[in-house]
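Biologist: I have a model open and I'd like to learn how to read it. Can you walk me through a few features?

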Amino acid sequence: MSRQLRTSRFDPRAGFHTEGKDSGPSVPQGLLKAARSSGQLNLAGRNLGEVPQCVWRINVDIPEEANQNLSFSSTERWWEQTDLTKLIISSNKLQSLSDDLRLLPALTVLDIHDNQLTSLPSAIRELDNLQKLNISHNKLKMLPEEITSLKNLKALHLQHNELTCIPEGFEHLSSLEDLDLSNNRLATVPAGFALLSSLLRLNLSSNQLKSLPPEISRMKRLKHLDCDSNLLETVPPDVGSMESLELLSLRRNKLRVLPEFPSSRHLKELYLGENQIEMLGAEHLQHLQAILVLDLRGNKLRSVPEEMALLQSLERLDLSNNDISSLPCSLGNLHLKFLALEGNPLRTIRREIIAKGTQEVLKYLRSKIKDDGTSQNDSVPKTAMTLPSESRVNVHAIVTLKLLDYSDKQATLIPDDIFDATKSNIITSVNFSKNQLCEIPKRNNFLSSLPEEMSSLTKLQSINLSFNRFKVLPTVLYHIPTLEAVLISNNQVGSVDPQKMKLMENLSTLDLQNNDLLQIPPELGNCVQLRSLLLDGNPFRVPRAAILMKGTAAVLEYLRDRIPA
């Protein structure tokens with residue numbers, strides 16, 4: 001066949017046989033060929049007004065190169081092509097999808113976010129293998145009932161649409177684990193949601209909800225529940241009995257009272273900021289044994305109960321913009337990494353102390369305990385939650401964590417019985433910080449570099465370099481693969497190398513608070529081994545404080561989304 005003849009029959013720009021006028025940019029033949037091999041096709045950001053027919057028929061029609069009698073190698077036999085399993089057509093100008101969608105029954109991932117879709121075709125029910133469906137950032141006002149037929153669907157992202165209701169039968173999505181309905185116009189949540197037995201994450205934020213169905217507490221596997229920015233005045237009391245719940249976010253609502261949390265043994269993050277809560281009592285706190293983050297900013301609290309000191313796992317406490325005039329001195333016994341007090345009429349703590357940051361405030365509160373003539377241990381209420389670390393030496397930490405902790409004792413020497421307590425146990429970490437030792441250097445030093453010879457410390461798991469003068473993360477740390485925790489807060493660090501950090505496979509804790517980081521590299525989001533990433537007190541603008549408050553997983557996800565394509 002001559003080149004002229006082929007040109008007359010086929011559009012060389014499109015790479016597929018044209019049937020009628022093409023209404024948008026074409027799909028290169030090479031892209032289609034690669035998709036037949038890999039099973040994945042990415043058409044994001046191509047200004048498409050409609051999906052070209054060749055995409056729907058990619059596994060049906062004979063490829064153009066076969067019609068051109070081209071020779072095929074053993075690796076390019078078109079009849080051995082892979083069914084399309086992943087289709088990304090996001091960030092285009094699509095207003096509708098064809099029923100020809102049914103021609104791609106092998107799809108497991110369909111991403112059509114950021115288009116102008118007002119409806120979905122009923123043929124979507126035929127995508128039996130679909131596991132992830134992203135239809136966010138469109139103009140959907142309703143969902144077809146056929147969507148409830150997707151029995152294998154695990155993730156459904158519907159945020160930023162115009163939905164006012166959920167179709168009946170939604171509870172039939174028995175495999176669903178991740179459901180995002182945020183930024184829609186929902187006024188109610190179906191009680192049938194309680195039957196979504198596999199659901200782990202539910203985002204209902206930024207809707208028009210005035211209440212939640214009591215049945216929601218039956219979702220026994222649910223770990224994350226986000227109801228921010230609604231019109232909630234109360235939450236069902238049984239929400240506090242959701243045993244698997246790890247994160248509960250109720251910010252920017254109209255709550256006046258809180259539920260108790262008698263069964264929430266795994267609750268780690270509780271966000272209640274910007275409500276109208278006036279009172280916080282012991283009954284609200286006594287069962288929060290695992291809590292790491294407690295956000296109470298922007299409420300009407302007048303006092304903080306002594307029982308707050310029972311939350312020995314608490315790392316971040318935001319009390320800013322309330323009506324609090326004094327704090328219990330026992331707060332000084334908490335091991336907080338972040339404490340926000342701005343915007344309160346505090347009379348017992350001078351502003352200059354608050355301005356110096358969390359650790360100075362805690363130190364001041366502890367000093368007031370001593371001034372009152374009571375010991376630190378006496379200031380902590382004696383309950384079942386009192387931890388072993390409140391005794392002279394934490395034997396539990398020695399045995400299970402291989403940690404010898406004798407910190408914050410204001411001691412001039414380490415007593416022999418502290419070392420004797422280790423007995424024959426192997427110790428991998430020692431914490432003698434915040435003492436007045438003469439023979440062992442204090443934490444506050446003037447280090448600006450570390451020797452390369454430290455790379456020979458092949459069993460080092462934790463290093464604390466806080467309160468020094470490092471301007472970069474010492475290069476040698478990247479070459480110690482056993483490191484699990486790097487604490488380098490309160491220095492002058494201006495940059496980190498995310499590529500090298502990704503290779504530190506055991507690193508789970510990275511404390512970079514109060515440094516000089518002007519920007520956080522998006523590639524840091526690929527360091528998925530991190531379980532605790534602390535970035536407060538740096539001059540960067542993004543991620544915003546609201547993202548930081550959501551915890552490490554949310555920060556890493558935010559950074560990954562900003563990695564250039």
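**Reading a sheet, a loop residue and the confidence**

Modeller: Let's begin with one pair: L487 stands opposite D511 in β18. Keep in mind that this is a predicted model.

Biologist: Which strands does that pair belong to, and how many bridges join them?

Modeller: In general, strands of a sheet pair through backbone hydrogen bonds, either parallel or antiparallel. Here β17 (residues 485-487) and β18 (residues 509-511) run parallel, with three bridges joining them.

Biologist: What is the strand order in the sheet?

Modeller: The order is β16-β17-β18-β19, four strands in an open sheet with parallel pairing. At the edges sit β16 (462-464) and β19 (532-534), each pairing on one side only. On average, neighbouring strands of this sheet are turned by 5° against each other, direction ignored.

Biologist: Now a loop residue: is S320 buried or exposed?

Modeller: The cut-off for buried is under 20% relative accessible area. S320 has 7% relative accessibility, so S320 counts as buried. You'll find S320 in the loop between β12 (316-318) and β13 (338-340).

Biologist: Which residues does S320 touch, leaving out those up to four places away in sequence?

Modeller: S320 touches R297, G298, A340, L341, E342 and N344.

Biologist: What is the mean pLDDT of the protein chain?

Modeller: The mean is 83, and 80% of the residues reach 70 or more. Over residues 373-391, though, the pLDDT is below 50, and that stretch has 33 contacts in the model beyond near neighbours in sequence. Residues 439-444 are also below 50, with 10 such contacts. Where pLDDT is low, the predicted coordinates should not be read in detail.

Definitions and conventions:
Residues are numbered from 1 along each chain as its sequence is written. This is a predicted model: local features need pLDDT of at least 70, side-chain atom pairs count only at pLDDT 80 or more; totals for chains, interfaces and linings use all residues. Side-chain values use heavy atoms; hydrogens and water are left out. Two strands pair if DSSP finds at least two bridges between them. Helices (H or I, at least four residues) and strands (E, at least two) are DSSP runs, numbered from the N terminus. Axes are lines fitted to C-alpha atoms, for helices over the stretch in contact, and angles run from 0 to 180 degrees between N-to-C directions. Buried means under 20% relative accessible area, exposed over 50%, partly exposed in between (1.4 Å probe, protein chains only). Contact means heavy atoms within 4.5 Å. pLDDT is the predictor's confidence in each residue, from 0 to 100.
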